[in-house]
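Me: I would like to take a close look at a single strand of this protein. Please describe its surroundings in one connected account.

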Amino acid sequence: MSESSYQWLERVRDMRFVFEKQKAIANQDAFPDYTQRIDSLKRLRRAIKGRREVLQKALSDDYGHRAFGDTEIADILPLIHQIDYTRHRLKRWMKPQKRRPGITLLGTKLAVHQQPKGVVGIVVPWNFPIMLAVSPLICALAAGNRVMLKLSEFTPNTNRVLRELIADVFSPKEVAVIEGEVEVSRRFTELEFDHLFFTGSTQVGRQVMLAAADNLTPVTLELGGKSPVIIDDKIDMDVAVSRLIYGKCLNAGQICVAPDYVLCPEHRQEAFIHAYQQAFRAMYPDFEANQDYSQIVNQTQVTRLEETLQDALDKGARRWCALDKKTIPTAEKRCWPTQLLTHVTDEMRVMQEEVFGPLLPIVTYQDFAEALHYIQARPRPLALYLMSNDAEKRSQVTTQLHAGGMGINETLFHVAAEDAPFGGIGDSGMGHYHGIEGFYTFSHSKTVLTRDRWDTSFLVKPPYNRWYKRLMRWWLLR
(Lines give C-alpha, C1' and ligand atoms only; values in the text may rest on other atoms or scores of the structure.)
Protein backbone atom coordinates (compact mmCIF):
# COMPACT_ATOMS: atom_id res chain seq x y z
CA MET A 1 0.00 0.00 0.00
CA SER A 2 1.39 3.36 -1.00
CA GLU A 3 1.99 6.06 1.56
CA SER A 4 -0.26 9.09 1.55
CA SER A 5 1.29 12.50 0.86
CA TYR A 6 0.85 13.44 4.50
CA GLN A 7 2.60 10.27 5.73
CA TRP A 8 5.67 10.60 3.56
CA LEU A 9 5.98 14.32 4.23
CA GLU A 10 5.91 13.59 7.95
CA ARG A 11 8.54 10.86 7.52
CA VAL A 12 10.76 13.23 5.52
CA ARG A 13 10.42 15.93 8.18
CA ASP A 14 11.32 13.48 10.96
CA MET A 15 14.21 12.14 8.88
CA ARG A 16 15.62 15.64 8.39
CA PHE A 17 15.31 16.31 12.13
CA VAL A 18 17.25 13.14 13.02
CA PHE A 19 19.89 13.93 10.41
CA GLU A 20 20.50 17.41 11.75
CA LYS A 21 20.76 16.07 15.32
CA GLN A 22 23.31 13.47 14.27
CA LYS A 23 25.24 16.04 12.25
CA ALA A 24 25.48 18.42 15.21
CA ILE A 25 26.69 15.69 17.57
CA ALA A 26 29.17 14.37 14.99
CA ASN A 27 30.67 17.86 14.81
CA GLN A 28 30.93 18.09 18.60
CA ASP A 29 32.30 14.57 19.10
CA ALA A 30 34.35 14.25 15.94
CA PHE A 31 36.54 11.38 17.08
CA PRO A 32 34.86 8.73 19.31
CA ASP A 33 37.59 6.84 21.11
CA TYR A 34 38.44 3.16 20.92
CA THR A 35 36.45 2.28 24.03
CA GLN A 36 33.26 3.85 22.68
CA ARG A 37 33.53 2.01 19.38
CA ILE A 38 34.28 -1.37 20.95
CA ASP A 39 31.36 -0.95 23.34
CA SER A 40 29.01 -0.25 20.42
CA LEU A 41 30.17 -3.38 18.59
CA LYS A 42 29.84 -5.57 21.68
CA ARG A 43 26.31 -4.35 22.36
CA LEU A 44 25.35 -4.92 18.73
CA ARG A 45 26.76 -8.46 18.81
CA ARG A 46 24.76 -9.37 21.91
CA ALA A 47 21.57 -7.99 20.38
CA ILE A 48 21.98 -9.93 17.11
CA LYS A 49 22.78 -13.16 18.90
CA GLY A 50 19.88 -12.72 21.31
CA ARG A 51 17.38 -12.09 18.50
CA ARG A 52 18.69 -14.69 16.07
CA GLU A 53 15.51 -16.77 15.91
CA VAL A 54 13.23 -13.73 15.90
CA LEU A 55 15.12 -12.32 12.92
CA GLN A 56 14.92 -15.65 11.09
CA LYS A 57 11.16 -15.86 11.58
CA ALA A 58 10.54 -12.24 10.63
CA LEU A 59 12.46 -12.59 7.38
CA SER A 60 10.65 -15.83 6.59
CA ASP A 61 7.32 -14.08 7.18
CA ASP A 62 8.33 -11.36 4.72
CA TYR A 63 9.12 -13.94 2.05
CA GLY A 64 6.18 -16.22 2.65
CA HIS A 65 8.91 -18.73 3.40
CA ARG A 66 12.60 -17.97 3.73
CA ALA A 67 14.68 -20.97 4.77
CA PHE A 68 15.97 -20.48 8.32
CA GLY A 69 19.23 -22.07 7.20
CA ASP A 70 19.65 -19.46 4.43
CA THR A 71 19.24 -16.67 6.99
CA GLU A 72 21.58 -18.23 9.52
CA ILE A 73 24.34 -18.96 6.99
CA ALA A 74 24.06 -15.78 4.94
CA ASP A 75 22.94 -13.20 7.52
CA ILE A 76 23.48 -14.06 11.17
CA LEU A 77 26.79 -15.96 11.25
CA PRO A 78 28.69 -13.56 8.94
CA LEU A 79 27.68 -10.61 11.12
CA ILE A 80 28.85 -12.25 14.35
CA HIS A 81 32.16 -13.16 12.73
CA GLN A 82 32.56 -9.70 11.20
CA ILE A 83 32.09 -8.03 14.59
CA ASP A 84 34.63 -10.36 16.20
CA TYR A 85 37.12 -9.83 13.37
CA THR A 86 36.72 -6.04 13.61
CA ARG A 87 37.02 -5.91 17.41
CA HIS A 88 40.31 -7.81 17.38
CA ARG A 89 41.89 -5.44 14.84
CA LEU A 90 40.30 -2.07 15.51
CA LYS A 91 43.02 -0.71 17.80
CA ARG A 92 45.65 -1.30 15.13
CA TRP A 93 43.47 0.23 12.41
CA MET A 94 42.90 3.37 14.49
CA LYS A 95 46.57 3.94 15.23
CA PRO A 96 48.08 6.85 13.24
CA GLN A 97 50.36 5.60 10.48
CA LYS A 98 53.85 7.10 10.41
CA ARG A 99 54.98 8.25 6.98
CA ARG A 100 58.33 9.51 5.66
CA PRO A 101 58.35 13.29 5.12
CA GLY A 102 61.28 13.15 2.68
CA ILE A 103 64.41 15.25 2.43
CA THR A 104 62.59 18.43 1.38
CA LEU A 105 60.65 18.36 4.66
CA LEU A 106 63.57 17.81 7.01
CA GLY A 107 62.74 18.57 10.61
CA THR A 108 59.09 17.49 10.36
CA LYS A 109 57.09 14.47 11.40
CA LEU A 110 54.38 13.04 9.17
CA ALA A 111 51.43 10.82 10.10
CA VAL A 112 48.10 9.78 8.62
CA HIS A 113 45.12 9.70 10.97
CA GLN A 114 41.90 7.85 10.12
CA GLN A 115 39.16 10.30 11.07
CA PRO A 116 35.44 9.45 11.10
CA LYS A 117 33.63 11.02 8.15
CA GLY A 118 30.67 12.06 10.31
CA VAL A 119 27.12 10.98 9.40
CA VAL A 120 26.74 7.98 7.08
CA GLY A 121 23.60 7.01 5.17
CA ILE A 122 23.04 3.33 4.34
CA VAL A 123 20.33 2.24 1.88
CA VAL A 124 19.33 -1.38 2.48
CA PRO A 125 17.82 -3.73 -0.16
CA TRP A 126 15.14 -6.38 0.39
CA ASN A 127 17.07 -9.52 -0.54
CA PHE A 128 19.34 -9.65 2.54
CA PRO A 129 17.85 -6.94 4.75
CA ILE A 130 19.69 -8.09 7.88
CA MET A 131 23.15 -8.69 6.45
CA LEU A 132 23.11 -5.68 4.13
CA ALA A 133 21.96 -3.35 6.88
CA VAL A 134 24.25 -4.49 9.67
CA SER A 135 27.45 -5.34 7.76
CA PRO A 136 28.09 -1.79 6.49
CA LEU A 137 26.82 -0.53 9.86
CA ILE A 138 29.62 -2.47 11.59
CA CYS A 139 32.22 -0.85 9.31
CA ALA A 140 30.75 2.63 9.85
CA LEU A 141 30.62 2.25 13.65
CA ALA A 142 34.17 0.89 13.77
CA ALA A 143 35.26 4.02 11.90
CA GLY A 144 33.50 6.17 14.53
CA ASN A 145 30.52 7.49 12.55
CA ARG A 146 26.87 8.22 13.23
CA VAL A 147 24.57 6.20 10.97
CA MET A 148 21.13 6.42 9.41
CA LEU A 149 19.69 3.20 7.94
CA LYS A 150 17.02 3.38 5.24
CA LEU A 151 15.28 -0.02 5.28
CA SER A 152 13.38 -1.54 2.38
CA GLU A 153 9.61 -1.16 2.33
CA PHE A 154 9.32 -4.76 1.08
CA THR A 155 10.45 -6.37 4.37
CA PRO A 156 8.17 -4.86 7.05
CA ASN A 157 8.46 -7.74 9.53
CA THR A 158 12.24 -7.76 9.41
CA ASN A 159 12.25 -3.97 9.65
CA ARG A 160 10.20 -4.12 12.85
CA VAL A 161 12.70 -6.46 14.52
CA LEU A 162 15.70 -4.48 13.28
CA ARG A 163 14.12 -1.23 14.46
CA GLU A 164 13.57 -2.67 17.94
CA LEU A 165 17.07 -4.16 18.00
CA ILE A 166 18.71 -0.88 17.00
CA ALA A 167 16.60 1.09 19.49
CA ASP A 168 17.68 -1.24 22.33
CA VAL A 169 21.38 -0.84 21.47
CA PHE A 170 21.70 2.76 20.29
CA SER A 171 20.10 6.13 20.72
CA PRO A 172 18.78 7.79 17.52
CA LYS A 173 21.72 10.19 17.85
CA GLU A 174 24.04 7.23 17.21
CA VAL A 175 22.07 5.00 14.82
CA ALA A 176 18.64 5.82 13.42
CA VAL A 177 16.27 3.66 11.38
CA ILE A 178 14.27 5.24 8.56
CA GLU A 179 11.37 3.58 6.77
CA GLY A 180 9.18 4.61 3.86
CA GLU A 181 8.56 4.03 0.19
CA VAL A 182 10.11 5.45 -2.97
CA GLU A 183 9.70 9.14 -2.21
CA VAL A 184 11.24 8.76 1.26
CA SER A 185 14.13 6.80 -0.26
CA ARG A 186 14.73 9.55 -2.80
CA ARG A 187 14.72 12.25 -0.14
CA PHE A 188 17.05 10.12 1.99
CA THR A 189 19.69 10.01 -0.75
CA GLU A 190 19.42 13.80 -1.12
CA LEU A 191 20.52 14.46 2.48
CA GLU A 192 23.96 16.01 2.95
CA PHE A 193 25.60 12.85 4.25
CA ASP A 194 29.34 12.62 4.75
CA HIS A 195 29.17 9.25 3.00
CA LEU A 196 26.32 7.40 1.29
CA PHE A 197 26.33 3.62 0.99
CA PHE A 198 23.87 1.97 -1.41
CA THR A 199 23.18 -1.67 -2.23
CA GLY A 200 20.78 -2.34 -5.09
CA SER A 201 20.34 -2.37 -8.83
CA THR A 202 22.59 -0.60 -11.32
CA GLN A 203 19.66 1.48 -12.59
CA VAL A 204 18.79 2.82 -9.14
CA GLY A 205 22.49 3.18 -8.31
CA ARG A 206 22.82 5.75 -11.10
CA GLN A 207 19.97 7.77 -9.58
CA VAL A 208 21.56 7.57 -6.13
CA MET A 209 24.86 8.83 -7.51
CA LEU A 210 23.10 11.76 -9.20
CA ALA A 211 21.36 12.71 -5.95
CA ALA A 212 24.63 12.49 -4.01
CA ALA A 213 26.46 14.59 -6.62
CA ASP A 214 24.46 17.70 -5.72
CA ASN A 215 26.01 17.58 -2.23
CA LEU A 216 29.41 16.23 -3.37
CA THR A 217 28.67 13.27 -1.10
CA PRO A 218 31.11 10.38 -1.61
CA VAL A 219 29.32 7.14 -2.43
CA THR A 220 29.88 3.43 -2.24
CA LEU A 221 27.67 1.59 -4.73
CA GLU A 222 27.24 -2.15 -4.33
CA LEU A 223 25.28 -3.02 -7.46
CA GLY A 224 24.72 -6.20 -9.43
CA GLY A 225 24.98 -7.20 -13.04
CA LYS A 226 25.28 -10.50 -14.84
CA SER A 227 27.86 -12.66 -13.06
CA PRO A 228 29.06 -15.48 -15.34
CA VAL A 229 30.30 -18.97 -14.58
CA ILE A 230 32.82 -20.40 -17.05
CA ILE A 231 33.03 -24.19 -17.20
CA ASP A 232 36.11 -25.46 -19.00
CA ASP A 233 36.19 -28.54 -21.18
CA LYS A 234 38.18 -30.76 -18.80
CA ILE A 235 36.76 -30.35 -15.29
CA ASP A 236 34.56 -33.11 -13.92
CA MET A 237 31.00 -31.89 -14.53
CA ASP A 238 29.61 -33.24 -11.27
CA VAL A 239 32.32 -31.32 -9.39
CA ALA A 240 31.67 -28.12 -11.36
CA VAL A 241 27.93 -28.25 -10.70
CA SER A 242 28.39 -29.08 -7.02
CA ARG A 243 30.55 -25.96 -6.65
CA LEU A 244 28.14 -23.56 -8.39
CA ILE A 245 24.66 -24.83 -7.51
CA TYR A 246 24.54 -23.50 -3.94
CA GLY A 247 25.40 -20.03 -5.21
CA LYS A 248 22.36 -20.20 -7.48
CA CYS A 249 19.95 -21.79 -5.02
CA LEU A 250 20.68 -19.83 -1.84
CA ASN A 251 17.76 -17.45 -1.32
CA ALA A 252 16.30 -18.82 -4.60
CA GLY A 253 19.00 -16.99 -6.53
CA GLN A 254 17.97 -13.57 -5.21
CA ILE A 255 21.58 -12.55 -4.61
CA CYS A 256 23.70 -9.93 -6.37
CA VAL A 257 26.62 -12.38 -6.71
CA ALA A 258 24.58 -15.43 -7.73
CA PRO A 259 25.63 -17.10 -10.98
CA ASP A 260 23.61 -15.22 -13.60
CA TYR A 261 24.50 -17.34 -16.61
CA VAL A 262 26.76 -20.27 -17.47
CA LEU A 263 29.33 -20.40 -20.27
CA CYS A 264 29.59 -24.09 -21.13
CA PRO A 265 31.45 -25.95 -23.89
CA GLU A 266 28.83 -26.83 -26.49
CA HIS A 267 29.54 -30.56 -26.37
CA ARG A 268 29.08 -30.57 -22.55
CA GLN A 269 25.73 -28.74 -22.33
CA GLU A 270 23.64 -31.90 -21.97
CA ALA A 271 25.99 -33.22 -19.27
CA PHE A 272 25.67 -29.91 -17.38
CA ILE A 273 21.86 -30.04 -17.41
CA HIS A 274 21.84 -33.65 -16.22
CA ALA A 275 24.36 -32.97 -13.44
CA TYR A 276 22.44 -29.88 -12.28
CA GLN A 277 19.16 -31.78 -12.10
CA GLN A 278 20.77 -34.57 -10.09
CA ALA A 279 22.47 -32.17 -7.69
CA PHE A 280 19.30 -30.10 -7.22
CA ARG A 281 17.21 -33.15 -6.36
CA ALA A 282 19.86 -34.31 -3.91
CA MET A 283 19.93 -30.91 -2.16
CA TYR A 284 16.15 -30.48 -2.06
CA PRO A 285 14.40 -33.86 -1.85
CA ASP A 286 10.60 -33.75 -1.63
CA PHE A 287 10.75 -30.23 -3.03
CA GLU A 288 7.14 -29.22 -2.41
CA ALA A 289 7.49 -29.85 1.34
CA ASN A 290 11.14 -28.87 1.65
CA GLN A 291 11.94 -26.17 4.21
CA ASP A 292 15.51 -25.56 3.01
CA TYR A 293 14.51 -23.69 -0.16
CA SER A 294 13.32 -20.09 -0.05
CA GLN A 295 10.46 -18.46 -1.91
CA ILE A 296 10.59 -15.51 -4.26
CA VAL A 297 10.09 -12.47 -2.05
CA ASN A 298 6.81 -11.10 -3.41
CA GLN A 299 4.33 -11.17 -6.27
CA THR A 300 6.00 -8.28 -8.07
CA GLN A 301 9.22 -10.27 -8.39
CA VAL A 302 7.33 -13.40 -9.40
CA THR A 303 5.60 -11.49 -12.20
CA ARG A 304 8.92 -10.02 -13.36
CA LEU A 305 10.54 -13.47 -13.48
CA GLU A 306 7.53 -15.04 -15.22
CA GLU A 307 7.61 -12.32 -17.89
CA THR A 308 11.37 -12.76 -18.32
CA LEU A 309 10.96 -16.53 -18.70
CA GLN A 310 8.07 -16.21 -21.15
CA ASP A 311 10.00 -13.66 -23.21
CA ALA A 312 12.87 -16.15 -23.55
CA LEU A 313 10.54 -19.03 -24.51
CA ASP A 314 8.70 -16.87 -27.05
CA LYS A 315 12.02 -16.01 -28.70
CA GLY A 316 13.20 -19.59 -29.04
CA ALA A 317 14.76 -20.61 -25.73
CA ARG A 318 14.21 -24.11 -24.35
CA ARG A 319 13.43 -24.70 -20.68
CA TRP A 320 14.79 -27.50 -18.51
CA CYS A 321 13.46 -27.66 -14.96
CA ALA A 322 15.98 -28.64 -12.30
CA LEU A 323 13.31 -30.74 -10.61
CA ASP A 324 11.21 -32.44 -13.28
CA LYS A 325 9.53 -31.62 -16.57
CA LYS A 326 6.12 -31.21 -14.95
CA THR A 327 7.15 -28.45 -12.56
CA ILE A 328 6.34 -25.30 -14.50
CA PRO A 329 6.54 -22.05 -12.53
CA THR A 330 3.54 -19.75 -12.71
CA ALA A 331 2.60 -16.37 -11.30
CA GLU A 332 0.60 -18.15 -8.60
CA LYS A 333 3.61 -20.07 -7.27
CA ARG A 334 6.43 -18.30 -5.43
CA CYS A 335 8.63 -21.36 -4.88
CA TRP A 336 10.47 -22.04 -8.14
CA PRO A 337 13.11 -24.70 -8.70
CA THR A 338 15.89 -23.48 -10.98
CA GLN A 339 14.79 -23.13 -14.59
CA LEU A 340 17.69 -23.87 -16.95
CA LEU A 341 17.44 -22.15 -20.32
CA THR A 342 19.25 -23.18 -23.51
CA HIS A 343 19.32 -21.60 -26.99
CA VAL A 344 19.36 -18.13 -25.45
CA THR A 345 20.20 -15.02 -27.49
CA ASP A 346 21.14 -11.43 -26.75
CA GLU A 347 17.66 -10.26 -27.79
CA MET A 348 16.10 -11.95 -24.75
CA ARG A 349 15.48 -10.05 -21.51
CA VAL A 350 17.10 -12.88 -19.58
CA MET A 351 20.41 -12.02 -21.27
CA GLN A 352 19.99 -8.25 -21.00
CA GLU A 353 18.93 -7.80 -17.37
CA GLU A 354 20.21 -9.20 -14.09
CA VAL A 355 18.17 -12.34 -13.41
CA PHE A 356 17.98 -12.08 -9.60
CA GLY A 357 16.05 -15.31 -9.25
CA PRO A 358 15.91 -19.00 -10.17
CA LEU A 359 16.49 -18.69 -13.93
CA LEU A 360 19.85 -19.89 -15.27
CA PRO A 361 20.65 -19.33 -18.96
CA ILE A 362 23.31 -21.55 -20.57
CA VAL A 363 25.48 -19.99 -23.28
CA THR A 364 27.63 -22.44 -25.25
CA TYR A 365 31.09 -21.80 -26.69
CA GLN A 366 33.44 -23.62 -29.04
CA ASP A 367 36.81 -22.66 -27.55
CA PHE A 368 38.00 -20.95 -24.38
CA ALA A 369 39.03 -17.73 -26.12
CA GLU A 370 35.44 -17.32 -27.31
CA ALA A 371 34.20 -17.52 -23.71
CA LEU A 372 36.68 -14.87 -22.60
CA HIS A 373 35.69 -12.56 -25.44
CA TYR A 374 32.00 -12.99 -24.59
CA ILE A 375 32.60 -11.61 -21.08
CA GLN A 376 35.00 -8.89 -22.24
CA ALA A 377 32.34 -7.55 -24.62
CA ARG A 378 29.84 -6.97 -21.80
CA PRO A 379 29.61 -4.73 -18.71
CA ARG A 380 31.96 -5.74 -15.91
CA PRO A 381 30.22 -8.12 -13.48
CA LEU A 382 30.14 -8.01 -9.70
CA ALA A 383 31.34 -11.62 -9.55
CA LEU A 384 33.15 -13.91 -11.97
CA TYR A 385 33.41 -17.67 -11.52
CA LEU A 386 35.64 -20.23 -13.20
CA MET A 387 35.33 -24.00 -12.92
CA SER A 388 38.72 -25.28 -13.99
CA ASN A 389 41.81 -27.07 -12.69
CA ASP A 390 43.93 -25.79 -15.57
CA ALA A 391 46.57 -23.36 -14.25
CA GLU A 392 46.88 -21.53 -17.58
CA LYS A 393 43.14 -20.95 -17.86
CA ARG A 394 42.97 -19.77 -14.26
CA SER A 395 45.71 -17.26 -15.01
CA GLN A 396 44.00 -16.10 -18.21
CA VAL A 397 40.70 -15.42 -16.49
CA THR A 398 42.32 -13.77 -13.47
CA THR A 399 44.47 -11.40 -15.50
CA GLN A 400 42.38 -10.75 -18.62
CA LEU A 401 38.86 -10.25 -17.24
CA HIS A 402 37.57 -7.49 -14.95
CA ALA A 403 35.12 -8.25 -12.15
CA GLY A 404 34.36 -7.02 -8.66
CA GLY A 405 35.48 -10.36 -7.21
CA MET A 406 36.28 -13.85 -8.41
CA GLY A 407 35.89 -17.46 -7.36
CA ILE A 408 37.78 -20.42 -8.81
CA ASN A 409 35.96 -23.73 -8.41
CA GLU A 410 33.54 -21.99 -6.06
CA THR A 411 30.75 -19.44 -6.15
CA LEU A 412 29.47 -16.93 -3.62
CA PHE A 413 31.85 -17.67 -0.75
CA HIS A 414 34.41 -14.99 -1.61
CA VAL A 415 31.87 -12.54 -0.16
CA ALA A 416 32.28 -14.21 3.24
CA ALA A 417 36.05 -13.62 3.35
CA GLU A 418 36.46 -11.32 6.36
CA ASP A 419 40.01 -10.25 5.54
CA ALA A 420 39.35 -9.21 1.94
CA PRO A 421 37.46 -6.34 0.28
CA PHE A 422 34.11 -6.76 -1.43
CA GLY A 423 32.89 -4.38 -4.11
CA GLY A 424 32.04 -3.87 -7.74
CA ILE A 425 33.66 -2.30 -10.77
CA GLY A 426 32.09 -0.36 -13.62
CA ASP A 427 28.37 -1.13 -13.94
CA SER A 428 28.58 -3.43 -10.92
CA GLY A 429 29.53 -0.65 -8.51
CA MET A 430 32.34 1.34 -6.95
CA GLY A 431 34.13 1.25 -3.63
CA HIS A 432 34.70 -1.57 -1.15
CA TYR A 433 33.79 -2.72 2.29
CA HIS A 434 34.56 -5.68 4.60
CA GLY A 435 37.80 -5.90 6.55
CA ILE A 436 40.17 -2.99 6.75
CA GLU A 437 38.82 -1.68 3.42
CA GLY A 438 35.46 -1.19 5.12
CA PHE A 439 37.11 0.79 7.90
CA TYR A 440 38.88 2.96 5.30
CA THR A 441 35.70 3.45 3.28
CA PHE A 442 34.00 5.19 6.21
CA SER A 443 37.12 7.07 7.35
CA HIS A 444 38.91 10.13 6.04
CA SER A 445 42.67 9.68 5.79
CA LYS A 446 43.90 12.96 7.25
CA THR A 447 47.56 13.89 6.85
CA VAL A 448 49.10 15.60 9.88
CA LEU A 449 52.51 17.28 9.48
CA THR A 450 54.26 18.48 12.64
CA ARG A 451 57.30 20.75 12.85
CA ASP A 452 59.01 21.12 16.21
CA ARG A 453 62.17 23.11 17.07
CA TRP A 454 64.31 22.37 14.06
CA ASP A 455 63.00 24.67 11.29
CA THR A 456 64.45 24.06 7.83
CA SER A 457 61.69 25.82 5.92
CA PHE A 458 63.98 28.83 5.33
CA LEU A 459 65.76 26.67 2.73
CA VAL A 460 62.75 26.85 0.39
CA LYS A 461 61.48 30.37 1.12
CA PRO A 462 62.42 33.53 -0.82
CA PRO A 463 64.76 35.01 -1.64
CA TYR A 464 65.60 32.13 -3.98
CA ASN A 465 68.95 33.38 -5.32
CA ARG A 466 71.10 32.59 -2.27
CA TRP A 467 74.07 30.40 -3.22
CA TYR A 468 73.18 27.62 -0.79
CA LYS A 469 69.61 27.48 -2.18
CA ARG A 470 70.91 27.24 -5.74
CA LEU A 471 73.26 24.49 -4.58
CA MET A 472 70.45 22.65 -2.85
CA ARG A 473 68.21 22.82 -5.96
CA TRP A 474 71.07 21.56 -8.13
CA TRP A 475 71.62 18.63 -5.79
CA LEU A 476 67.94 17.75 -5.58
CA LEU A 477 67.45 17.92 -9.36
CA ARG A 478 70.73 16.21 -10.32
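Reply:

**Strand β7 and its neighbours**

In this predicted model, Leu196 has Val219 of strand β7 standing opposite it. That pair is a suitable place to begin. Leu196 lies within the range of strand β6, which comprises residues 195-199, and β6 and β7 run parallel, joined by 4 bridges. To pass from β6 to β7, the chain travels through helix α8, residues 202-213. This β-α-β crossover is right-handed.

Strand β7 also has a second partner to consider. Strand β15, residues 429-430, pairs with β7 over 2 bridges, and here the sense is antiparallel. Within this pairing, Met430 of β15 stands opposite Leu221. Thus β7 is joined to β6 in the parallel sense and to β15 in the antiparallel sense.

The two faces of the strand remain to be described. Strand β7 covers residues 219-222, and both of its faces are covered. On one side are Val219 and Leu221, and on the other are Thr220 and Glu222; all of these residues are buried. Here, buried means that a residue has under 20% relative accessible area. Two residues already met in the pairings therefore return here, given that cut-off: Val219, which stands opposite Leu196, and Leu221, which stands opposite Met430, are both buried on one side of β7. On the other side, Glu222 is buried together with Thr220.

Conventions: Residues are numbered from 1 along each chain as its sequence is written. This is a predicted model: local features need pLDDT of at least 70, side-chain atom pairs count only at pLDDT 80 or more; totals for chains, interfaces and linings use all residues. Side-chain values use heavy atoms; hydrogens and water are left out. Buried means under 20% relative accessible area, exposed over 50%, partly exposed in between (1.4 Å probe, protein chains only). Two strands pair if DSSP finds at least two bridges between them. A crossover is right-handed if, with the strands pointing away from the viewer, the path from the first strand over the helix to the second runs clockwise.
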